[in-house]
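These are my notebook entries on one structure, set down in the order in which I looked things up. I begin with the cross-links and then turn to the sheet, the cores and the charged pairs.

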Amino acid sequence: MSRLALPPLLLALLTTACSEDLCTQAPRCDGSEALNCEPECTVGPCSSGPILQECTERTTCTVVPGDRNDARFYRSRAVCAVTLEACDPATAAPPTCGSDRFVTGCSAYRRDLRVSCSQSALYFAQVPPLLPGRGPGRRRHRRGHGRR
């Protein structure tokens, strides 16, 4: 019986030793990668669990504090900032969702950010509309291969 119990125990120990819970490390910048964790989605669009974003397109990963008095934007976040200077979302131009599926603009965290359109509600008070025909579940079809 002990021979049968050893492999499951060994497997459990190896799984525990090798797995890493990224949510316990968030928010964090690891070089040019921003790590955040959403335990649940209260406002869409967003997804739950660990979220990694590579900071590219001339952005810098930085951790910004949340506003403790704001029920929606209270959590500190690792963000891909276009600039590190503060901005005012009340006076800035509204954020836009580009053809690259990223939103850019002055966020509720008072930084000019670049985030994926699917996560925009986590950073912007006003969620910009997705580009027509490119929303979730919509695919481009090559001519002759479309739906009939």
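**Entry 1: disulfides.** I first looked up cysteine 29 and found that a disulfide joins this residue to cysteine 61, with 2.1 Å from S to S. I note at the outset that the model is a predicted one. Cysteine 29 belongs to strand β1 and cysteine 61 to strand β4, so that the pair links distant parts of the chain, 32 residues apart. The link is left-handed, with -85° about the S-S bond. I then checked accessibility: cysteine 29 counts as partly exposed at 28%, whereas cysteine 61 counts as buried at 13%.

I recorded that the structure holds five disulfides. Another of them is formed by cysteine 23 and cysteine 37, whose sulfur atoms are 1.8 Å apart. Cysteine 23 sits in the loop between α1 (2-18) and β1 (28-30) and cysteine 37 in strand β2 (residues 33-38), so this disulfide ties together parts 14 residues apart in sequence. Here the link is right-handed, with 70° about the S-S bond. Cysteine 23 is partly exposed at 25% relative accessibility, and cysteine 37 is buried at 15%.

I also looked up the disulfide of cysteine 55 and cysteine 80, with sulfur atoms 2.1 Å apart. This pair, too, links distant parts of the chain: cysteine 55 is in the loop between β3 (49-54) and β4, cysteine 80 is in strand β5, and 25 residues separate them. The torsion about their S-S bond is about -80°, so I entered this disulfide as left-handed. Both cysteines, 55 and 80, are buried.

**Entry 2: the sheet.** In what order do the strands of the open sheet of five strands lie? I read the order as β4-β5-β8-β7-β6, with antiparallel pairing. β4 (60-64) and β6 (96-97) stand at the edges with a single partner strand each, so one side of each has no neighbour in the sheet. I followed β4 to β5 (residues 77-86): the two run antiparallel and are joined by five bridges. Valine 64 has arginine 77 of β5 as its bridge partner.

**Entry 3: nonpolar cores.** The largest nonpolar core has 13 residues, and those that touch the most other members are Val79, Val103, Tyr109, Leu113, Val115, Tyr123 and Phe124. β5 and β8 (111-116) are the elements that give two or more residues to this core. Apart from this core I found another, of five residues, including Ala34, Cys61, Ala78 and Cys80. I then listed contacts of tyrosine 109; among them are Val64, Pro65, Phe73, Arg77 and Leu122.

**Entry 4: salt bridges.** I recorded five salt bridges in the structure. Which residues are linked in a network of salt bridges? They are Glu38, Arg75 and Arg77. Glutamate 38 and arginine 75 have their closest N and O atoms 3.0 Å apart. For glutamate 38 and arginine 77 the corresponding distance is 2.4 Å. Glutamate 38 lies in strand β2 and arginine 77 in strand β5, so their salt bridge ties together parts 39 residues apart in sequence. At 2% relative accessibility glutamate 38 is buried; arginine 77 is likewise buried, at 2%. Arginine 75 counts as partly exposed at 25%.

My last look was at arginine 110, which forms a salt bridge with aspartate 88, the closest N and O atoms being 3.6 Å apart. Arginine 110 is partly exposed at 42%, and aspartate 88 is partly exposed at 30%.

Conventions: Residues numbered from 1 in each chain as written. Predicted model: local features only at pLDDT ≥ 70, side-chain atom pairs only at ≥ 80, totals over all residues. Heavy atoms only, no water. Pairing = 2+ DSSP bridges. Helix = DSSP H or I, 4+ residues; strand = E, 2+ residues; numbered from the N terminus. Disulfide = S-S within 2.5 Å. Buried < 20%, exposed > 50% of the residue type's maximum accessible area, 1.4 Å probe, protein only. Core = buried A, V, L, I, M, F, W, Y, C linked by side-chain atoms within 4.5 Å. Contact = heavy atoms within 4.5 Å. Salt bridge = Lys/Arg side-chain N within 4 Å of Asp/Glu carboxyl O. Lists of a residue's contacts leave out its neighbours within four places in sequence.
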